[in-house]
Amino acid sequence: MNSDSLKDALRAAALELGFSSAGFAPSQLPTIESDRLAGWLEKDRHGSMSYMSKPGIDRSNAETVMPGAKSVLMVTLDYQPAPFIPDLLAGEAYVSSYARGPDYHKVIKDRLLKLAERIGEILDRSPQTRPFVDTAPLIERAYAKAAGLGWYGKNACVIEQGRGSFFFLGGLALDLEIDPDTPTTDHCGSCQRCLEACPTDALVSPYELDARRCLSYLTIEHRGVWDESLRSLAGPHIFGCDICQTVCPWNSFATPEQGLDFQEKHWGPGPLTELFEAALASFKKLTRGTAATRVGKKGLIRNIVTAMGNTGDKAFKAHLEDALSYPAEAVQVHARWALDRLES
Ligand code: B12
Ligand code: SF4
Ligand code: SF4
């Protein structure tokens, strides 16, 4: 089988398994990608995500995760787009669209393992493969871009023309020599909507996000107390943030029919009091099967009390007073701040 027909067969196998798109990247990315990552880390943009700055790990070389890797088959899988203006009622919380349904890590990993089997059948031998979906130290967006699956938006997300950015990324490192696909060009043009809409100015310049200011980082990754100046900017967000994607004109092409793999909803936006009580009763039950387990119980309760404070509604006073004795410093500090806000 020549290189082109092998590529066609592998791409077709990925699409048959339900991936939304697939493309090929080189095992080693151009140095500009590792230079950008190094520059980002030097400025401490990663905040407390210390795993990102572990020395001696080349995140732009697939040999880091699979010695002998010669190419990477990158895939995307759509999830359901968030509505343009989240239709929240007063006193409701916002949960990012990607985390309401089944955990993408599992959905994509299972499918990548099937893809590896299918590649074995196509080649009539078992090649060496290594699946990854947030589970290996590789810069997935840079691999997706190199595989022609989209461009870097000024909001830092990978965007595909006519489809938007509401998709996850995953990849399969391969020991097969396969010519990479051609990267697509940037279609952001003079648009700046995402930078203007970000509530915390986390998009410090086009394409560059300071995670320390990003609501996604604060509500999911950061353990402990937030800088006081950022708390009032979180509004109703209790897990993740979709604003810089919902305002993107390329996402006006996204439809609710996409992302059917994630259609089943385990939890989502709803009244803050109900979410507070459900999280206290059983965080595990509330978030089971979703990617939201990552935040942990203390983190989610900290986020909920912050959102309660941001309503300015005294109806939350009793819940916030209860939270003052919750055994976690971040919850207590945020609950005290929220109570002060209701009084001010
Ligand atoms: C750490 C992390 C975060 C952090 C930091 C995000 C960030 N922008 O770096 C936080 C917690 C904030 C986060 C948030 C989100 N994340 Co996240 N995250 C990651 C993770 C684990 C690593 C990303 C990373 O290496 N960041 C370091 C920076 C330097 O890298 P980067 O953003 O990829 O940057 C590249 C480009 O931006 C570009 N670049 C940098 N500077 C410049 C300058 C110019 C001029 C140009 C042209 C390009 C350019 O080069 C960089 C390196 O190649 C990846 C999974 C993975 N292993 O890659 C998921 C991942 C990037 N996240 C993802 C998602 C879905 C999200 C959220 C949408 C979730 C949500 N709704 O809350 C938000 C989006 C926030 C945003 N606007 O970026 C998806 C992205 C899908 C997509 N279509 O792009 C990924 C790939 C997970 C997955 N497997 O699907 N995330
Ligand atoms: S996810 Fe939200 S907070 Fe983070 S950069 Fe986008 S709009 Fe800003
Ligand atoms: S909102 Fe505009 S600038 Fe931002 S990613 Fe979308 S097209 Fe690019």
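I started with ligand 3 in this predicted model. Domain 1 (3-79 + 102-174) and domain 2 (193-257 + 264-343) each contribute residues to the shell around ligand 3, so I place the ligand between the two.

Next I listed who is in that shell. I found Gly153, Lys154, Asn155 and Ile159, then Cys188, Cys191, Arg193 and Cys194, and finally Cys248, Pro249 and Trp250 around ligand 3. Sorted by class, I get seven nonpolar, two polar and two charged residues there.

On to ligand 2. I see Cys198, Pro199, Thr200, Ala202, Leu203, Leu209, Cys214, Leu215, Cys241, Ile243 and Cys244 around ligand 2. What is the class split here? I count ten nonpolar residues and one polar in the ligand 2 shell, with no charged ones.

Then I turned to helix α10. I checked its length: the 16 residues (296-311) should span 22 Å at 1.5 Å a residue, and the end C-alpha atoms sit 23 Å apart, which agrees.

Is α10 buried or exposed? Twelve of its 16 residues are buried, so I call α10 largely enclosed by the rest of the structure. I noted the buried run as Gly299, Leu300, Ile301, Arg302, Asn303, Ile304, Val305, Thr306, Ala307, Met308, Gly309 and Asn310.

What covers the buried residues of α10? I find that the cover includes the helices α6 (215-221), α7 (228-231), α9 (272-287), α11 (317-323) and α12 (329-343), along with strand β10 (237-239).

Last, I looked just past the helix: glycine 312 follows α10, and its phi is positive, near 70 degrees.

Key:
Residues numbered from 1 in each chain as written. Chains lettered and ligands numbered in written order. Predicted model: local features only at pLDDT ≥ 70, side-chain atom pairs only at ≥ 80, totals over all residues. Heavy atoms only, no water. Near = heavy atom within 4 Å. Nonpolar A, V, L, I, M, F, W, Y, C, P; charged D, E, K, R; others polar. Domains from an automatic or database assignment. Helix = DSSP H or I, 4+ residues; strand = E, 2+ residues; numbered from the N terminus. Expected span 1.5 Å × (residues − 1). Buried < 20%, exposed > 50% of the residue type's maximum accessible area, 1.4 Å probe, protein only. Contact = heavy atoms within 4.5 Å.
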